[in-house]
Amino acid sequence: MSRTTGALLIKFIMTLVFTYIAFSLVDNNSFGWVLGLSLAATVINYLIGDLYILPKYGNFTASVADGGIAAITAYLAGIMTVGNNVAFGSIVTFAILIAIGEYFFHRYLLSTKKVEPNT
């Protein structure tokens, strides 16, 4: 397994745990919905936050952006699906958890030369 694949797997598991906390434990959404949101948030945050924002603007800005992007993704997933609860407090909790987790994930990315993004 390549280092980038391993890093993406770590990012997905981290996102899944945070999504489960914010939207399953608090809002009682199904695990399938949580899994789908985790996958979407992981892909979008990787493409925008890790590959574009992180190399250009640094860790702090990318972490805050990832939290915001995750919140927007959760909000849109909530309004596009039927029968799921997406409360404002859960979205804020999710954004904060993602921003904190991404800060440490980005530190790992930047310290590992064989993992994208290359700065």
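Biologist: Which residues does Ile-98 touch, not counting residues up to four places away in sequence?

Modeller: This is a predicted model. In it, Ile-98 sits in helix α4, residues 88–111. Ile-98 counts as buried because its relative accessibility is 0%. Not counting residues up to four places away in sequence, Ile-98 touches Thr-15, Phe-18, Asn-45, Asp-66, Gly-67 and Ala-70.

Biologist: Asp-66 is buried yet has no salt bridge; which is the nearest side chain of opposite charge?

Modeller: Asp-66 belongs to helix α3, residues 59–80. Its contacts beyond four places in sequence include Asn-45, Ile-98 and His-106. A salt bridge needs the nitrogen within 4 Å of the carboxyl oxygen. The nearest side chain of opposite charge is 4.3 Å away, and that residue is Lys-11.

Biologist: How many salt bridges does a search of the whole structure find?

Modeller: Side chains of opposite charge can pair when their charged atoms come close. Lys-11 meets Asp-50 in a salt bridge, at 2.9 Å from N to O. Lys-11 also forms a salt bridge with Glu-102, where the closest N and O atoms are 2.6 Å apart. For the whole structure, the search gives a total of two.

Biologist: Which residues do salt bridges that share partners join into one network?

Modeller: Lys-11 and Glu-102 form one salt bridge. Lys-11 lies in helix α1 and Glu-102 in helix α4, so this pair ties together parts that are 91 residues apart in sequence. Both of these residues are buried. Salt bridges with shared partners make one network of Lys-11, Asp-50 and Glu-102.

Biologist: Is Asp-50 buried or exposed?

Modeller: Asp-50 and Lys-11 are salt-bridge partners. Lys-11 is in helix α1 and Asp-50 in helix α2, so the pair ties together parts 39 residues apart in sequence. With a relative accessible area of 0%, Asp-50 is buried.

Biologist: Which helix gives the most to the largest nonpolar core?

Modeller: The largest nonpolar core has 25 residues, and Phe-23, Trp-33, Leu-37 and Phe-94 have the most contacts inside it. At least two residues of this core come from each of α1, α2, α3 and α4. With seven residues, the helix that gives the most to this core is α1.

Biologist: Which residues form the nonpolar patch on the surface?

Modeller: Helices α1 (3–25) and α2 (31–57) each supply at least two residues of the patch. Its largest share, six residues, comes from α1. Leu-35 lies in helix α2, and at 36% relative accessibility Leu-35 counts as partly exposed. Together offering about 800 Å² of accessible area, the patch residues are Leu-9, Ile-13, Val-17, Tyr-20, Ile-21, Leu-25, Val-26, Phe-31 and Leu-35.

Biologist: What separates the C-alpha atoms of Ile-44 and Ile-69?

Modeller: Ile-44 is placed in helix α2, and it counts as partly exposed at 31% relative accessibility. Leaving aside neighbours within four places in sequence, Ile-44 is in contact with Gly-49, Ile-69 and Thr-73. Ile-44 and Ile-69 are 25 residues apart along the chain, and the separation of their C-alpha atoms is 7.8 Å.

Biologist: Which residue has a positive phi although it is not a glycine?

Modeller: Most residues other than glycine have a negative phi. The residue in question lies in the loop between α1 and α2, and at 66% relative accessibility it counts as exposed. Its phi is about 60 degrees, and the residue is Asn-28.

Terms used. Residues are numbered from 1 along each chain as its sequence is written. This is a predicted model: local features need pLDDT of at least 70, side-chain atom pairs count only at pLDDT 80 or more; totals for chains, interfaces and linings use all residues. Side-chain values use heavy atoms; hydrogens and water are left out. Patches are made of residues with over 30% relative accessible area and no salt bridge: like charges are joined within 9 Å, nonpolar side chains (Val, Leu, Ile, Met, Phe, Trp, Tyr) within 5 Å. Accessible areas come from the Shrake-Rupley method with a 1.4 Å probe; for residues, only the protein chains shown count as cover. Helices (H or I, at least four residues) and strands (E, at least two) are DSSP runs, numbered from the N terminus. Buried means under 20% relative accessible area, exposed over 50%, partly exposed in between (1.4 Å probe, protein chains only). Contact means heavy atoms within 4.5 Å. Lys and Arg count as positive and Asp and Glu as negative; His and the chain ends are not counted. A nonpolar core is a set of buried Ala, Val, Leu, Ile, Met, Phe, Trp, Tyr and Cys residues joined through side-chain atoms within 4.5 Å.
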